[in-house]
Amino acid sequence: MTRLPLPLPLALTAATLMVATNLLGATTADAADDPSVPPGTEATATAPVEVDANDPDLKLPEGATLAEAKVLDIKQVVEDQAGEERREDTNSDVKFALQAEVLFPKDSAKLTGEAKARISDIAEEIKTQNATRIRVFGFTDNLGSSAHGDVLSRKRANAVQGVLESELTDSTVTYEVRGYGEQYPISSNATESGRKKNRRVEVSFPRTDN
């Protein structure tokens with residue numbers, strides 16, 4: 001069974017979500033309150049072994065048919081009580097989301113000392129997973145101009161990527177760094193608590209079975 005280390009600094013709460021994907025379709029059936037995600041980061045799972053509906057070993061009752069095959073993508077979500085750090089594990093990926101307030105001063109892309117320690121913890125998990133493809137995405141809330149949010153979120157993603165690069169000396173590691181600004185919120189921008197969650201940097205990478 002895959003080991004799921006949880007290096008979050010505070011007391012934790014966890015929830016496990018199961019997302020069913022239609023094998024013949026291109027969309028994922030998400031819970032109504034699940035956020036949209038950047039292109040290329042949608043949940044995926046390996047298709048099950050093909051089943052022959054006519055195989056006598058199935059012993060289907062007369063007139064019965066097999067339901068359409070589905071793939072279950074299991075997501076485990078762990079968040080510290082303050083909501084400052086969030087970890088998601090799926091069958092294929094690990095993703096950390098850090099709120100901007102714990103990484104940067106207001107409207108700044110200069111990392112704090114505490115931020116570097118938290119990013120170093122993520123780097124250790126990347127080493128544990130032997131990951132060599134890393135995504136670093138920055139996001140903002142919807143206050144201010146969209147253009148400003150795009151630039152700020154990219155600068156913040158660059159800053160986090162810089163710390164990861166200094167921690168991960170493996171020359172085979174590659175990065176995808178983007179700033180999405182106010183796109184792809186994970187909470188409502190109607191309240192400050194929601195906007196605080198949306199101001200974040202996400203680091204994601206493939207997981208391995210350890």
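The second largest pocket of this predicted model comes out at about 350 Å³. A pocket here is an open set of points on a 1 Å grid over the protein atoms alone, where a 1.4 Å probe fits, with protein on both sides within 12 Å along at least five of seven lines; its volume is the space filled by probe spheres set on the points, which are joined across faces, edges and corners. Lining residues, those with an atom within 4 Å of a point, number 16, and K106, D107, D141, R156 and R199 sit closest to the pocket centre. By class, the lining splits into seven charged (Asp, Glu, Lys, Arg), five nonpolar (Ala, Val, Leu, Ile, Met, Phe, Trp, Tyr, Cys, Pro) and four polar residues (the others, Gly among them). Helix α2 (residues 146–167) chips in the most, with four residues.

As for the overall fold, there are three helices and seven strands, taken as DSSP runs (H or I, at least four residues; E, at least two) numbered from the N terminus. Their order from that end is β-β-β-β-α-β-α-β-α-β.

Strand β3 (residues 85–89) has four of its five residues buried (under 20% relative accessible area, 1.4 Å probe, protein chains only), so the rest of the structure largely encloses it. It runs antiparallel to β4 (residues 93–99), with five bridges joining the two; at least two are needed for a pair. R86 faces A97 across the pairing, and three residues separate the strands of this hairpin.

Residues are numbered from 1 along each chain as its sequence is written. Local features need pLDDT of at least 70 and side-chain atom pairs 80 or more, whereas totals for chains, interfaces and linings use all residues, and side-chain values use heavy atoms, without hydrogens or water.

Notes: Buried < 20%, exposed > 50% of the residue type's maximum accessible area, 1.4 Å probe, protein only.
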